[in-house]
Amino acid sequence: MPMYQNGDVEPAVKALEARQDEIMRKLYELKAAVEGLAKTVTTPDADLDLTVGGSLSPNSHSSTLFAGTADLDTLLGKDPGALRDIVINANPAHPPLTLLVLHGLLCQRYQVLSTVHTHSSVSGVPPQLLSCLGPGHADSYIRQRFQLGFTLIWKDVPKLQMKFSVQNMCTIEGEANVARFLFRLLAPYPSDPALATLVDSWVDTAFFQLAEGGAKERAAVLRAFNAALGRDPWLAGPELSLADIACYCCALQSGSVSSAPANVQRWLKACDNLGHFRPIKPLLR
């Protein structure tokens with residue numbers, strides 16, 4: 001290596017080394033992007049146009065909201081050497097607010113590599129949707145650092161789709177069903193059949209009546225909310241559940257909250273105070 005007599009490295013050599021380091025960094029990023037898309041190349045989603053970035057939320061801010069962390073190996077299976085990547089296709093005309101809230105909770109529990117892409121079937125995706133999973137992380141090319149991958153693809157699809165393993169798993173369709181899948185990575189579903197049925201009922205109510213229903217249906221749902229919240233602080237009992245997450249997101253997305261009765265208003269404020277719903281607020285403006 002060329003040096004001056006005093007032992008210092010020549011500036012031109014230093015510049016060359018810095019350039020080589022930058023090239024290697026970009027090669028690692030490219031490798032990470034290729035590996036991240038490896039699970040989608042066997043599907044029609046292979047022609048992705050834009051990689052927006054990856055994000056990491058450390059376990060140091062782990063949420064204590066849901067007790068009993070789920071075992072990823074038990075739920076998703078062991079796959080040594082490969083990142084377990086959840087791939088979701090969503091239409092930008094209907095952002096999946098519930099899934100974005102659950103993504104934030106997953107990031108508080110696990111090391112999650114989060115990436116947003118756009119598919120060639122859509123154009124002009126708003127900036128807030130391209131950054132909806134948070135900022136990119138400098139170590140996103142070191143995939144072995146992460147426990148879970150969360151890949152969101154904005155695509156022109158009639159119904160939200162999710163695949164975890166393109167080889168062994170059928171597509172899960174519908175935001176409600178995907179939300180149930182993701183929630184199980186946070187906490188077990190209620191062991192009490194009656195409570196589990198109640199949670200499922202509220203989730204279906206959120207997506208089929210609040211999100212898709214007319215004004216009369218929405219008013220009826222708000223009355224049902226009000227009655228339930230007069231008995232308990234949350235829709236399915238004394239603790240926050242998937243029912244609250246789904247119903248809160250659908251209520252805000254449908255624009256039904258301005259005329260909500262007293263118990264529902266109190267519940268909405270309680271949800272706001274938790275902070276878990278903060279990331280979706282820019283998408284509602």
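**Strands, helices and core of the predicted model**

Ala-90 of strand E2 stands opposite Trp-154 in E4, and this pair offers a starting point for describing the structure, which is a predicted model. The protein has 285 residues, of which 46% count as buried, and it contains nine helices and six strands. Among the contacts with a separation of 6 or more, 77% are accounted for by residues 24 or more positions apart.

The confidence of the prediction has to be considered before the details are read. The mean pLDDT of the protein is 80, and 72% of the residues reach 70 or more. Over residues 39-64, however, pLDDT stays under 50, although the model has 78 contacts beyond four places in sequence for this stretch. Where pLDDT is low, the predicted coordinates should not be read in detail.

Strand E4, which comprises residues 148-154, has seven of its seven residues buried, and it is therefore largely enclosed by the rest of the structure. In a regular strand the side chains alternate between the two faces of the sheet. In E4, Leu-148, Phe-150, Leu-152 and Trp-154 point one way, while Gly-149, Thr-151 and Ile-153 point the other way, and the residues of both groups are buried. Two strands run parallel to E4: strand E2 (residues 85-90) is joined to E4 by six bridges, and strand E3 (residues 112-119) is joined to E4 by seven bridges. Within these pairings, Ile-88 has Leu-152 of E4 as its bridge partner, whereas the partner of Leu-113 in E4 is Gly-149.

Strand E2 is likewise mostly covered, with six of its six residues buried. Asp-85, Val-87 and Asn-89 point one way from E2, and Ile-86, Ile-88 and Ala-90 point the other way, with the residues of both groups buried. Besides its parallel pairing with E4, E2 pairs in the antiparallel sense with strand E5 (residues 161-163), over three bridges, and in this pairing Val-87 stands opposite Lys-163 of E5.

Residues from the strands and the helices also appear in the description of the nonpolar interior. The largest nonpolar core has 73 residues, and those with the most contacts inside it are Leu-102, Trp-154, Leu-182, Phe-225 and Trp-267. The largest share of this core, ten residues, comes from helix H8. When residues up to four places away in sequence are not counted, Leu-182 touches Ile-86, Leu-99, Leu-102, Leu-106 and Phe-150; of these, Ile-86 is a buried residue of E2, and Phe-150 is a buried residue of E4.

Helix H7 (215-231) has 17 residues, which at 1.5 Å a residue should span 24 Å, and because its end C-alpha atoms are 25 Å apart, the expected and computed values agree. The buried residues of H7 are Val-221, Leu-222, Phe-225, Ala-228 and Leu-229. These residues cover an arc of only 125° around the axis, which puts them on the same side of H7. The face turned away from this buried side carries the exposed residues Lys-216, Arg-223, Gly-230 and Arg-231. The buried residues of H7 pack against helix H6 (193-210), H8 and H9.

Helix H9 (262-274) can be described in a similar way. Its 13 residues should span 18 Å at 1.5 Å a residue, and the end C-alpha atoms are 19 Å apart, which agrees with that expectation. In H9, Val-264, Trp-267, Leu-268 and Cys-271 are buried. These four cover an arc of only 100° around the axis, so they lie on the same side of H9. On the other side of H9, Ala-262, Lys-269 and Asn-273 are exposed. What covers the buried residues of H9 includes helix H7 and H8. After H9 comes Gly-275, whose phi is positive, near 85°.

The loop between helix H8 (242-254) and helix H9 contains Ser-259. This residue counts as exposed because its relative accessibility is 58%, and the cut-off for exposed is over 50%. The C-alpha atoms of Ser-259 and Ala-219 are separated by 8.8 Å, with the two residues 40 residues apart along the chain.

Conventions
Residues numbered from 1 in each chain as written. Heavy atoms only, no water. Buried < 20%, exposed > 50% of the residue type's maximum accessible area, 1.4 Å probe, protein only. Expected span 1.5 Å × (residues − 1). Arc of directions from axis to C-beta. Contact = heavy atoms within 4.5 Å. Pairing = 2+ DSSP bridges. Core = buried A, V, L, I, M, F, W, Y, C linked by side-chain atoms within 4.5 Å. pLDDT = per-residue confidence, 0-100.
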